[in-house]
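Q: Please take a close look at the aromatic pairs in this model. I would like their geometry, their place in the fold and how far the surroundings can be trusted.

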Amino acid sequence: RPRRRGGARGGAAAAAAQQARAPRGLEEAVMSLEAAVSDVETELGALLSALQAAEARRRRAAGSSGGATGGAFKISLTSFAPSDIMLFFPTPRNDFLAFNSGAPHHYLSEESKSLIGHDKNFRRYYLLGRAIYIETHVASPDNNPYRLPEGTEFKVVSVGSITRQLEQEANASAQASSRAKRA
C-alpha cells in the first residue's frame, strides 16, 4: 500500500502555509501597483509641466500676454475630434480608454497600441498622442470587443505621436526667447 507523505496533518499545515502566504502576496502586489501608479503620476506631472512650459514659451515668443493659447498643447477631456491631443490609460483588460469627463467609450485602436514602447509618450501605463482618425461603432453581438451593453456607441481612436512636435516647439520657443533677450 503506498504511503502518503505528510498525512492529513501535513495537508492541513500546507493549506495553512498557503493561506499565510496569500495575504503577503496580495500586499506585495498592492505595494507594487501603488509604486507603479506613483511613477506614472510623477511622469505625467513632468510631462504636463513640460507642456505648460512649452506653451508659455510659445506665448512669450509670439508676444502674447496670455488668454487663449490656440489649443496647441491642450489635452482634450470633454469631447474628442481628429487633431485633438488625447490621454489614454490602460483598463484591467489591457484596452486603453481615453481620459475623459462626460465622453465615455473612446478606445485606442489596435494599430496605435502596437506603437507602445516605441515612443516617449506611448507607454504601457499611459499614452499621449494626437487623434488622427475616430471611428464610430455600436456594440452588437458580432461587434463588442469592449464588452459594452448591446446598443452602446463606442469610438475607436487612432493616434499619432506628438513627441517630435513637442521637441520642435520647445526648441523654437527657446530660440525665440534667446533672440528676444539679445534684442
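A: The answer below starts with the model as a whole and then turns to the aromatic pairs and two polar residues.

This is a predicted model, in which local features need pLDDT of at least 70 and side-chain atom pairs count only at pLDDT 80 or more, while totals for chains, interfaces and linings use all residues. Residues are numbered from 1 along each chain as its sequence is written, and side-chain values use heavy atoms, with hydrogens and water left out.

The mean pLDDT (the predictor's confidence in each residue, from 0 to 100) is 79, and 79% of the residues reach 70 or more. Two stretches stay under 50: residues 4–8, with 1 contact beyond four places in sequence, and residues 64–71, with 7 such contacts. Contact here means heavy atoms within 4.5 Å.

The protein has 3 helices and 5 strands, in the order α-β-β-β-α-β-β-α along the sequence. These elements are DSSP runs numbered from the N terminus, helices being H or I with at least four residues and strands E with at least two. Of the contacts between residues at least 6 apart in sequence, 56% join residues at least 24 apart. Buried residues account for 27% of the 183 residues; buried means under 20% relative accessible area, exposed over 50% and partly exposed in between, with a 1.4 Å probe and protein chains only.

A search of the whole structure finds 3 aromatic pairs. Rings of Phe, Tyr and Trp (its six-membered ring) pair if their centres lie within 6.5 Å; planes under 30 degrees apart count as stacked, over 60 as edge-to-face and the rest as tilted. The pair of Phe89 and Phe99 is edge-to-face, because the ring centres are 5.9 Å apart and the planes stand at 80°. It links distant parts of the chain, 10 residues apart: Phe89 belongs to strand S1, and Phe99 to the loop between strand S2 (96–98) and strand S3 (106–108). Phe89 is partly exposed at 25% relative accessibility, and Phe99 is partly exposed at 44%.

Tyr107 and Tyr146 form a stacked pair, with ring centres 3.7 Å apart and planes at 0°. Tyr107 sits in strand S3 and Tyr146 in the loop between strand S4 (127–138) and strand S5 (153–160), so this pair ties together parts 39 residues apart in sequence. Tyr107 is buried, at 7% relative accessibility, and Tyr146 is buried too, at 12%. Tyr107 and Tyr146 share one aromatic cluster with Phe154.

Phe99 also appears among the contacts of a polar residue, Ser76: leaving aside neighbours within four places in sequence, Ser76 touches Asp84, Ile85 and Phe99. Ser76 lies in the loop between helix H1 (7–62) and strand S1 (85–90) and counts as buried because its relative accessibility is 14%. Its side chain makes a polar contact of 3.2 Å with the side chain of Asp84. Such a contact is a pair of N or O atoms within 3.5 Å; within protein, one must be able to donate a hydrogen and the other to accept it, and residues adjacent in sequence count only if both atoms are side-chain atoms.

Asn121 is found in the loop between helix H2 (110–113) and S4, and is buried at 1% relative accessibility. Beyond four places in sequence, Asn121 has contacts with Leu47, Tyr126, Leu127, Leu128, Ile162, Thr163 and Leu166.
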